[in-house]
Amino acid sequence: QGATLLAGAPAAYNGATAYVVGELVESGGTNYYCIADTTGNAPPNVTYWYAMPSDGTFEIPNAYAEADLFEINYVQSQDVLTFTHPNNPPMELRRLGATNWTFIEINFVSVLDAPANITATASTGSGSTTYTYTVTALDETGKEESLQGTEDDVTNDLLTGSNANTISWDAVTGASRYNVYKEDNGLFGYIGQTTDTSFIDQNITADISQTPPIQQDPFASSDNYPRAVSYYEQRRNFGGTNNNKQNIWMTRAGSESNFSFSIPTRNIDAINFRIAAREENTVRHLIPLVDLIVLTSSASWIVTSVNSDSIEPDSIAVRPQSYVGAAAVQPLVIDNIILFAGARGGHVY
């Protein structure tokens, strides 16, 4: 809806400026909100600009219909609100400033490009053994890792003397360092990390317990949009799509939107599991307390770790708490108590 502007009027539109989603401009006495990255597309171009109401309020356009409002689920983390609805892709409302807000679809794939032009060369020595390499890029936190780049191989014999292979690649925008992997028995195993765009392998043993991430976007299409969202144990959690009503998805540990996993599985990998139940239980709400409480249409469940440690892909425990279903109304958490509307009968539990 709308809110009174909290700051002065926006600057006049400048055709030479590359505006991005969320920015405000003034043109012809009307304030416009940028809805698509643009350069030189002057308002009132409805493809790029949304005209603000003339009464001075600040509105953000969105795709929700009035009939959708009662099934919208949301969770807040500082200046970011996450919205979910089974008929709409997951969205984020981000407050970047008093008059700079963005409402955009969440990107569930890495923002980092895979390293390009990976080249492996025999820097010293020769031989008949083939070595294959690939590289990924990491952001400054080390939590966000790109897909692996194209593979390249070289023939050498690293068991002989000082023979070595040099792997090089192009720099990736936004990357602070790179992971280098070498193939071993069909898997790429980690052999080192560098802040440069080259790496020397002097017969380093590949660690196949750490392999390049495999990325996935579980919410990429209609009927695969989640209806529930929350945070738990440093993961953003989603649940209950039309196609997979009893499933819960947890992002990679320490990540907001990364659903990557590895082969073999690592503790920090994204998690996807289905609640096995006697009857269909559409996930409607996720509430983090000591355990993650899952309210469904027919029952409530507790999600915790098998061994009381942090939740990991191989340690998920799901136990029934009650067989009272929940309505779509957003529950309230008061102290350590959850109040929710029942699915039937107009009761509050």
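**Buried polar contacts, pockets and backbone oddities in a predicted all-strand model**

The side chains of Asn165 and Tyr133 are joined by a polar contact of 2.9 Å. That is a handy way into this structure, which is a predicted model. Asn165 sits in strand β15, covering residues 164-168, and its side chain also makes a polar contact with the side chain of Asn156, again listed at 2.9 Å. With a relative accessibility of 0%, Asn165 falls under the 20% limit and so counts as buried. Leaving aside residues up to four places away in sequence, Asn165 touches Thr121, Ala122 and Ser123, then Tyr131 and Tyr133, then Val154, Asn156 and Leu158, and finally Phe199, Ile200 and Asp201. Both polar partners, Tyr133 and Asn156, turn up in that set of neighbours.

Thr136 gives another case of a polar side chain tucked away. The residue belongs to strand β13, which runs over residues 129-138. Thr136 is classed as buried because its relative accessibility is 0%. Its side chain pairs up with the side chain of Glu145 in a polar contact of 2.5 Å. Who else is around Thr136, if residues up to four places away in sequence are not counted? The neighbours are Pro115, the run Glu145, Ser146, Leu147 and Gln148, then Arg177, Tyr178, Asn179 and Tyr181, plus Pro212 and Pro213. Glu145 is thus both a touching neighbour of Thr136 and the partner in the side-chain polar contact.

Zooming out, the fold is strands and no helices: the count is zero helices and 28 strands. The C-alpha trace spans about 75 × 60 × 35 Å along its principal axes. Out of 349 residues, 44% are buried. Taking contacts between residues at least 6 apart in sequence, 52% link residues at least 24 apart. On the confidence side, pLDDT averages 91 over the protein, and 97% of the residues reach at least 70. The start of the chain is another story: residues 1-7 stay under 50 in pLDDT, and the model has 16 contacts for them beyond four places in sequence.

Next comes the empty space. Rolling a water-sized probe over the atoms shows where such space is left. The second largest pocket holds about 380 Å³. Its lining comes to 20 residues, and those closest to the pocket centre are Glu92, Arg94, Asn107, Glu256 and Ser257. Which strands each supply at least two residues of this lining? Among them are β10 (88-97) and β11 (100-105). Sorted by class, the lining of this pocket has eight polar, seven charged and five nonpolar residues.

Closed-off space is a shorter topic. How many cavities of 30 Å³ or more are there? The count is one, and the largest cavity has a volume of about 40 Å³. Lining the largest cavity are Ala277, Arg278, Glu279 and Asn281, along with Ser298, Ala299, Trp301 and Tyr323. By class, that lining splits into four nonpolar, two polar and two charged residues.

A few backbone details are worth a look as well. The peptide bond between Pro43 and Pro44 is cis, with omega at about 10 degrees. Pro44 lies in the loop between β5 (38-39) and β6 (49-51). A cis peptide bond also leads from Ile263 to Pro264, where omega is near 0 degrees. Pro264 is placed in the loop between β21 (247-250) and β22 (271-274).

Positive phi values show up at two non-glycine residues described here, Gln78 and Asp223. For Gln78, phi is about 55 degrees, and the residue occupies the loop between β8 (73-77) and β9 (80-85). Is Gln78 buried or exposed? Its relative accessibility is 70%, over the 50% limit, so Gln78 counts as exposed. For Asp223, phi is near 70 degrees. Asp223 is found in the loop between β18 (198-201) and β19 (228-232). With a relative accessible area of 35%, in between the 20% and 50% limits, Asp223 is therefore partly exposed.

Terms used: Residues are numbered from 1 along each chain as its sequence is written. This is a predicted model: local features need pLDDT of at least 70, side-chain atom pairs count only at pLDDT 80 or more; totals for chains, interfaces and linings use all residues. Side-chain values use heavy atoms; hydrogens and water are left out. On a 1 Å grid over the protein atoms alone, a cavity is a set of points where a 1.4 Å probe fits but cannot get out, and a pocket is an open set with protein on both sides within 12 Å along at least five of seven lines; lining residues have an atom within 4 Å of a point. Grid points are joined across faces, edges and corners, and a volume is the space filled by probe spheres set on the points. Helices (H or I, at least four residues) and strands (E, at least two) are DSSP runs, numbered from the N terminus. Ala, Val, Leu, Ile, Met, Phe, Trp, Tyr, Cys and Pro count as nonpolar, Asp, Glu, Lys and Arg as charged, and the others, Gly among them, as polar. Buried means under 20% relative accessible area, exposed over 50%, partly exposed in between (1.4 Å probe, protein chains only). A polar contact is a pair of N or O atoms within 3.5 Å; within protein, one must be able to donate a hydrogen and the other to accept it, and residues adjacent in sequence count only if both atoms are side-chain atoms. Contact means heavy atoms within 4.5 Å. pLDDT is the predictor's confidence in each residue, from 0 to 100.
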